[in-house]
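Trainee: I'd love a close look at a single part of this protein. Please pick one spot, walk me through it slowly, and then show me what lies beyond it.

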Amino acid sequence: MVELAQWIGKLGMELGPSQLEQFEIYYHEMMDWNERASLTAITDHQEVQTKHFVDSATVALVLSGEEVRRSSTKIIDIGTGAGFPGLPLKILLRQPRLTLLDSTAKKAAFLRHVVDKLKLSDVEIVNDRAERVAHLPQYREQFDVVVSRAVAPLATLVELALPFCRLGGKFIAQKKGTLEQETREARKAIEVLGGRLSEVRRIEMKVFRDVRYLVVVGKISPTPQKYPRRPGMPGKRPIHE
Ligand code: SAH
């Protein structure tokens with residue numbers, strides 16, 4: 001775990017002993033629940049450190065100092081699965097209030113268990129589809145930062161994510177591979193949902209052996225009430241030009 005601290009250090013964050021212990025507990029609980037809850041194909045200790053923990057932590061690179069420090073910052077992770085990227089961010093940053101959203105009941109059960117084991121405060125777990133939750137007033141346009149990894153192509157994803165984002169807030173999507181076509185195909189959806197592509201940050205760390213991206217979309221106008229459409233529609237018929 002010494003290496004985890006080094007990689008996190010390279011991202012400009014510090015990993016104290018209690019956080020190191022939290023990551024160890026997280027790893028062991030994830031392995032313990034993996035068969036029951038189908039959490040991850042990655043089980044090697046070292047690989048979990050890099051492909052899940054460090055990868056999640058890279059999201060902090062596009063957060064502002066204010067977003068990081070303030071305890072009133074609200075973050076939601078859409079389709080979080082076993083907690084990525086939301087939970088490692090919470091362990092590292094401590095302050096922000098975190099909502100983890102996933103439609104799979106078994107994953108939500110794991111998340112409740114692990115959040116309890118990690119003794120984290122201000123973490124809420126919501127077990128439902130983003131298409132429904134985004135229409136509830138206590139979630140709609142309530143978050144400063146919306147994050148998501150490995151859930152859907154960008155055109156679909158912005159329909160699931162941007163409705164949660166407050167005006168002036170941002171949506172951060174973690175992406176791999178060739179992005180050009182995906183961002184081009186998402187242009188219309190971003191505009192319709194009230195967003196503006198503000199940055200594509202290239203993440204190149206030796207430890208990944210590939211290139212990753214953080215796609216940052218700012219929320220510049222309210223999302224029309226009709227979005228997101230009913231469950232399944234954003235995936236089946238993405239908003240294209
Ligand atoms: N973000 C995690 C998990 C990716 S797998 C990671 O990177 O490891 C995609 C997850 O999104 C699954 O757990 C699935 O249950 C969830 N999901 C897919 N569509 C969803 C939706 N419309 N609403 C909520 N969760 C969704």
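**A close look at Asp-144**

Mentor: Happy to! Let's settle on Asp-144, which belongs to strand 4, the run of residues 143-149. Keep in mind as we go that this is a predicted model.

Start with how much of the residue can be reached from outside. The relative accessible area of Asp-144 is 13%, and because the limit for calling a residue buried is under 20%, this aspartate counts as buried. Its side chain has a polar partner: a polar contact of 2.5 Å joins it to the side chain of Arg-166. Now widen the view to everything that Asp-144 touches, leaving out neighbours within four places in sequence. One set of contacts is Ser-72, Thr-73 and Lys-74, and the list also holds Cys-165, Arg-166, Gly-169 and Lys-170. Arg-166 therefore appears twice in this picture, as a general contact and as the polar partner of a residue that is buried.

Now follow strand 4 along to its end. The strand spans residues 143-149, and Arg-149 is a residue you will want to inspect, as it is among the closest to the ligand. An N or O atom in the Arg-149 side chain sits 2.6 Å from an oxygen atom of the ligand. Asp-102 does something similar, with a side-chain N or O atom 2.7 Å from a ligand oxygen. For Glu-131, the ligand atom in question is a nitrogen, and a polar atom of the glutamate side chain lies 2.9 Å from it. Taken on its own, the ligand has 570 Å² of accessible area, and the protein covers 80% of that.

Who makes up the rest of that shell? In total, 15 residues surround the ligand, and besides Arg-149 and Asp-102 the closest ones include Gly-79, Phe-84 and Thr-104. Sorted by class, the shell has six charged, five polar and four nonpolar residues.

Just past strand 4 there is a backbone detail to check. Ala-150 sits in the loop that runs from strand 4 to helix 8 (154-161). Its phi is positive, about 55 degrees, although this residue is not a glycine. Ala-150 is also exposed, because its relative accessible area of 72% is over the 50% limit. Lys-119 makes a good companion example: it too has a positive phi of about 55 degrees without being a glycine. You will find Lys-119 in the loop between helix 6 (105-117) and strand 3 (123-126), and with a relative accessible area of 73% it is exposed.

Let's go back to Phe-84, since it leads us from the ligand into another part of the protein. The peptide bond from Phe-84 to Pro-85 is cis, with omega near 5 degrees, and Pro-85 lies in the loop between strand 1 (74-78) and helix 5 (86-93). A second cis bond joins Tyr-227 to Pro-228, with omega near -5 degrees. Phe-84 is also a contact of Tyr-26, together with residues such as Ala-82, Leu-87 and Phe-110.

That brings us to the nonpolar interior. The largest nonpolar core holds 50 residues, and Tyr-26, Leu-87 and Phe-110 have the most contacts inside it. Helix 2 (residues 17-37) contributes the most to this core, with six residues. A separate core of 31 residues lies apart from it, and Leu-157, Leu-160, Ala-189 and Leu-193 are among its members.

Two residues let you look at helix 2 and what follows. Gln-19 lies in the helix and is buried, with a relative accessible area of 8%. Its side chain reaches the backbone oxygen of Ile-91 at 3.1 Å. Leu-39 has its place in the loop between helix 2 and helix 3 (45-57), and at 11% relative accessible area it is buried as well. Its C-alpha atom is 5.5 Å from that of Ala-82, although the two residues are 43 apart along the chain. Beyond its sequence neighbours, Leu-39 touches Met-30, Trp-33, Asn-34, Ala-82, Lys-107 and Phe-110.

So to return to our starting point, keep Asp-144 and its 2.5 Å contact with Arg-166 in view, then trace the strand out to Arg-149 and the ligand.

Notes:
Residues are numbered from 1 along each chain as its sequence is written. This is a predicted model: local features need pLDDT of at least 70, side-chain atom pairs count only at pLDDT 80 or more; totals for chains, interfaces and linings use all residues. Side-chain values use heavy atoms; hydrogens and water are left out. A residue is near a molecule or strand if one of its heavy atoms lies within 4 Å of it. A polar contact is a pair of N or O atoms within 3.5 Å; within protein, one must be able to donate a hydrogen and the other to accept it, and residues adjacent in sequence count only if both atoms are side-chain atoms. Accessible areas come from the Shrake-Rupley method with a 1.4 Å probe; for residues, only the protein chains shown count as cover. Ala, Val, Leu, Ile, Met, Phe, Trp, Tyr, Cys and Pro count as nonpolar, Asp, Glu, Lys and Arg as charged, and the others, Gly among them, as polar. Helices (H or I, at least four residues) and strands (E, at least two) are DSSP runs, numbered from the N terminus. Buried means under 20% relative accessible area, exposed over 50%, partly exposed in between (1.4 Å probe, protein chains only). Contact means heavy atoms within 4.5 Å. A nonpolar core is a set of buried Ala, Val, Leu, Ile, Met, Phe, Trp, Tyr and Cys residues joined through side-chain atoms within 4.5 Å.
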